[in-house]
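The following note comments on the model shown below. Its points go from the whole chain to individual residues, and may be read beside the structure.

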Amino acid sequence: MHTFDSVARKLKKIGLNFEEITFTDRAISARKVDSSVDKNYDPQIAIKTLVVKTSEGFFAVLLKGDQRIDQKLLRKNIGKWDILDEQALAENFKFRPGCLNPFLLDIPILVDKEAADMDRWSMGAGDLAKGINLSVEEALSKLHNVRVTQLADKLSNKEKIEMSLSLSQEKKKSLITGNLEECLTEKDLESLIVGETKLRHYIGFEISGKLHIGSGLMTALKIKDLLKAGVECNILLADWHAWINGKLNGDLETITEVAVGYFKEALIASLKCAGADPLKVNFILGSEFYHNNDKYWQSFIDVSKNLTLARVVKSSTIMGRREGENQCFAWLVYPPMQVNDIFNIGVNIAHGGMDQRKAHVIAREVAEKLEVSPLLDESKNKIKPVAIHHHLILGLGKPPVWPIKDKARLRELWSEMKMSKSKPDTCVFIHDSVDEIRRKINGAFCPEREIEFNPVLDWAKHLVFPILGKLEVKREKKHGGDINFESEQEMFNLFEEGKLHPLDLKTAVSEAVVKILEPARRHFEPKSMADLITRLENLMR
């Protein structure tokens, strides 16, 4: 991949004078404020370089950092086009997004007229923490195969947000909101994307027992999408929250040991199973984050001052506690701490299962009232965090009462029957053996023709299809022969019609889960990794 050094060598080789910029942060989009070490960056002269693909090949497009391409004008110049995604950019040009420098691109270059009329440019230089200033006149004389034309639209920032998203922005939004139960709200997310605010995500994990696929894989699948969309992803190892909630006998030292040992490794294994790169995910240990962090506790008070006692008590169900249960005072600290994590980690996308919705709603309610650590957009306006909630997959057990005709009761049952580590035979842990996976799924509740409440179909829809893209069913010819489902709807239809037997479905899903979890089994094969599981099991006895 190109670096600042390779860019600098190229510019020196062609005799182009430039001034080096070193930033205190790492940003993909053009910065709206001067965050340079030497205060030599001017947002007004920021230039962005994009690479697009057409039927005729690749083109580079240069325009001011605060402008966007006029799609019709560019189509008029080069025909139908698409912006290269991160992978294609790396494979074809050895650049990461936000690091592009046009002098290392051996392709035709289109420069927007307004950008060409400037005196100086500040542009990318191979590293998110670096940039260069240079003379426009000199730069244009050194660029080859360059053409100046009108490319940027003339919309105000407000108009940009109000208009529909561009193709690349639609793709980013689709990746972020795909395979979710809900997004609060899509309009807020669109504003962040169109406004080119750096997207930062977090999800918190209370440290308790073994990690099951309902938590590990469902989280990893969404993180994979977020990474593809260029979102910075953070996982909070919430050891203090587990301590408050009395997990692992309420011993903070033990909880922290499990957090940085077993739990972190189990999450890394989950990311591998989903096809996400664990090296691109930041892990934050709660106790380290809170230590000597005066601003965190000031912000905690700020959040708490904007909550009523009744509101906190009602939201305590995020801990897995029943509303109205006799509570110790420490439990009341848990919800405002979880809300405060969002603002102090500084994320604008809060992620969790639907069971974490109450905390995220509170965060959105108090966001614009905070004074200590509010979330800000690129224009320094207070904003609400976007909340994204993934599906809670079912445990494999049979409901205590069945069948259920009342649809409302069925929705309640779904929440009650979600996968839980406290019922180990109805869940699959991320590192379960092949035999354990087959045994558990073979014993699953899977009534014939039932598609409204069926754990095995639920797993196929939310885990197998998103990861493998298909479900392969092996059957004897007398039972209809093998069938490969390319879509979940086809699977649901045949099952409802009675043309797919529950035993065949269970076998197919168990083999798919075996395949999906193979990277996790490999991850925990070394003795040092296996010892982490043994240590946790001993602590849980």
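1. In this predicted model, the secondary structure of the protein consists of 23 helices and 16 strands. The radius of gyration is 26 Å, close to the 24 Å given by the globule rule for 541 residues, so the protein is as compact as a globular protein of that length.

2. The overall dimensions may be read beside that value. Along the principal axes, the C-alpha trace spans about 75 × 65 × 50 Å.

3. Burial and contacts describe how the chain is packed. Of the 541 residues, 52% count as buried, where buried means under 20% relative accessible area. Among contacts with a separation of 6 or more, 71% are between residues 24 or more positions apart.

4. The surface and the charges deserve a separate remark. The protein exposes about 25500 Å², and carbon and sulfur atoms supply 49% of that area. There are 79 positive and 78 negative charges, and the mean positions of the two sets are 2 Å apart.

5. Some details of the backbone call for a closer look. Most peptide bonds are trans, and most residues other than glycine have a negative phi. The remaining points concern departures from these two patterns.

6. Which residues does a cis peptide bond join, with omega about -15°? They are L184 and T185. T185 is placed in the loop between β9 (180–184) and α8 (186–194).

7. A cis peptide bond also joins W402 and P403, and its omega is about 5°. P403 is found in the loop between β14 (386–390) and α17 (407–416). A reader who inspects the model should view this bond together with the loop that holds P403.

8. E196 is not a glycine, yet its phi is positive, at about 55°. This residue belongs to the loop between α8 and β10 (200–206). Is E196 buried, partly exposed or exposed? With a relative accessible area of 23%, E196 is partly exposed, because the partly exposed class lies between the limits of 20% and 50%.

9. N292, likewise a residue other than glycine, has a positive phi near 55°. Its position is in the loop between α12 (286–290) and α13 (294–305). The relative accessibility of N292 is 68%, so this residue counts as exposed, the cut-off for that class being over 50%.

Technical notes
Residues are numbered from 1 along each chain as its sequence is written. This is a predicted model: local features need pLDDT of at least 70, side-chain atom pairs count only at pLDDT 80 or more; totals for chains, interfaces and linings use all residues. Side-chain values use heavy atoms; hydrogens and water are left out. Helices (H or I, at least four residues) and strands (E, at least two) are DSSP runs, numbered from the N terminus. The radius of gyration is taken over C-alpha atoms; the globule rule is 2.2 Å times the number of residues to the power 0.38. Buried means under 20% relative accessible area, exposed over 50%, partly exposed in between (1.4 Å probe, protein chains only). Contact means heavy atoms within 4.5 Å. Accessible areas come from the Shrake-Rupley method with a 1.4 Å probe; for residues, only the protein chains shown count as cover. Lys and Arg count as positive and Asp and Glu as negative; His and the chain ends are not counted. The place of a charge is taken as NZ of Lys, CZ of Arg, CG of Asp or CD of Glu.
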